[in-house]
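Okay, thanks for coming, everyone. I've got one structure to walk through today, so let's put it up on the screen.

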Amino acid sequence: MALAIRARLAGEAYTPLSWAQVLPLVVRYSTELEARAPQYAASFIKQWFTYLRRQYPEAEALFQHIKRMKLPSEIKAAIIA
């Protein structure tokens with residue numbers, strides 16, 4: 001969102017990342033969370049999906065699939081699948 005605002009203020013066009021570009025970032029984020037804060041990782045990953053659902057319909061479907069999962073490794077496996 002910040003990049004979209006910056007582009008608009010500069011009078012430039014903004015093209016958001018595609019879902020195919022976002023998904024590897026989510027996987028990397030989940031891997032880092034799992035290593036640094038495993039007890040909170042599942043909640044943080046789901047929180048990001050809450051934000052991503054606003055722009056990406058694919059995130060909504062994936063969130064519905066992972067929302068009851070408790071383990072970060074389980075969520076990450078679902079994201080990669």
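Before I point at anything: when I say helix, I mean a DSSP run of H or I with at least four residues, and the numbering goes from the N terminus. With that in hand, Lys46 sits in helix 3, and I'll come back to that lysine later. Also, keep in mind that this is a predicted model.

So, the overall picture. We've got five helices and zero strands, which along the sequence reads α-α-α-α-α. The C-alpha atoms fill a box of roughly 45 × 25 × 15 Å along the principal axes. There are 81 residues, and 31% of them count as buried. If you take contacts between residues at least 6 apart in sequence, 47% of those join residues at least 24 apart. On the outside, the accessible surface is about 5900 Å², with 59% of that belonging to carbon and sulfur atoms. And for charge, it's 11 positive side chains against 6 negative ones, with the centres of the two sets 6 Å apart.

Okay, the inside. In soluble globular proteins, nonpolar side chains tend to be buried together. Here, the largest nonpolar core has 19 residues, and the members that touch the most others are Trp19, Phe49, Leu52, Ile66, Ile75 and Ile79. Which helices feed that core with at least two residues each? That would be helix 2, at 19–36, helix 3, at 38–52, helix 4, at 57–66, and helix 5, at 72–80.

Let's zoom in on Trp19. Leaving out residues up to four places away in sequence, Trp19 touches Phe49, Leu52, Tyr56, Glu58, Ala59 and Leu62. One of those contacts is Glu58, which is in helix 4. Glu58 comes out at 38% relative accessibility, so we call that residue partly exposed. If you want a sense of distance, Glu58 and Ala42 are 16 residues apart in sequence and 19 Å apart in space, C-alpha to C-alpha.

Now the aromatics, my favourite part. The structure holds five aromatic pairs. Take Trp19 and Phe49: the ring centres are 6.4 Å apart and the planes sit at 65 degrees, so this pair is edge-to-face. It ties together distant parts of the chain, with Trp19 in helix 2 and Phe49 in helix 3, 30 residues apart. Buried or exposed, these two, Trp19 and Phe49? Both are buried. The second pair I want to show is Tyr29 with Trp48, where the centres are 5.9 Å apart and the planes are at 80 degrees, so that one is edge-to-face as well. Again we're linking distant parts of the chain, Tyr29 in helix 2 to Trp48 in helix 3, 19 residues apart. Here, though, Tyr29 has 27% relative accessibility and so counts as partly exposed, and Trp48, at 42%, is partly exposed too. Going back to the first pair, ring pairs link Trp19, Phe49 and Tyr56 into a cluster.

Last stop, that lysine. Why does Lys46 count as buried? Because its relative accessibility is 16%, and the cut-off for buried is under 20%. Past the four nearest places in sequence, Lys46 touches Phe63, Ile66, Lys67, Arg68, Met69 and Ile75. Ile66 and Ile75 are both on the list of core residues I read out earlier. And from Lys46 to Ala20, it's 26 residues along the sequence and 18 Å in space, C-alpha to C-alpha.

That's what I had. Happy to rotate the view if anyone wants another look.

Conventions. Residues are numbered from 1 along each chain as its sequence is written. This is a predicted model: local features need pLDDT of at least 70, side-chain atom pairs count only at pLDDT 80 or more; totals for chains, interfaces and linings use all residues. Side-chain values use heavy atoms; hydrogens and water are left out. A nonpolar core is a set of buried Ala, Val, Leu, Ile, Met, Phe, Trp, Tyr and Cys residues joined through side-chain atoms within 4.5 Å. Buried means under 20% relative accessible area, exposed over 50%, partly exposed in between (1.4 Å probe, protein chains only). Contact means heavy atoms within 4.5 Å. Accessible areas come from the Shrake-Rupley method with a 1.4 Å probe; for residues, only the protein chains shown count as cover. Lys and Arg count as positive and Asp and Glu as negative; His and the chain ends are not counted. The place of a charge is taken as NZ of Lys, CZ of Arg, CG of Asp or CD of Glu. Rings of Phe, Tyr and Trp (its six-membered ring) pair if their centres lie within 6.5 Å; planes under 30 degrees apart count as stacked, over 60 as edge-to-face and the rest as tilted.
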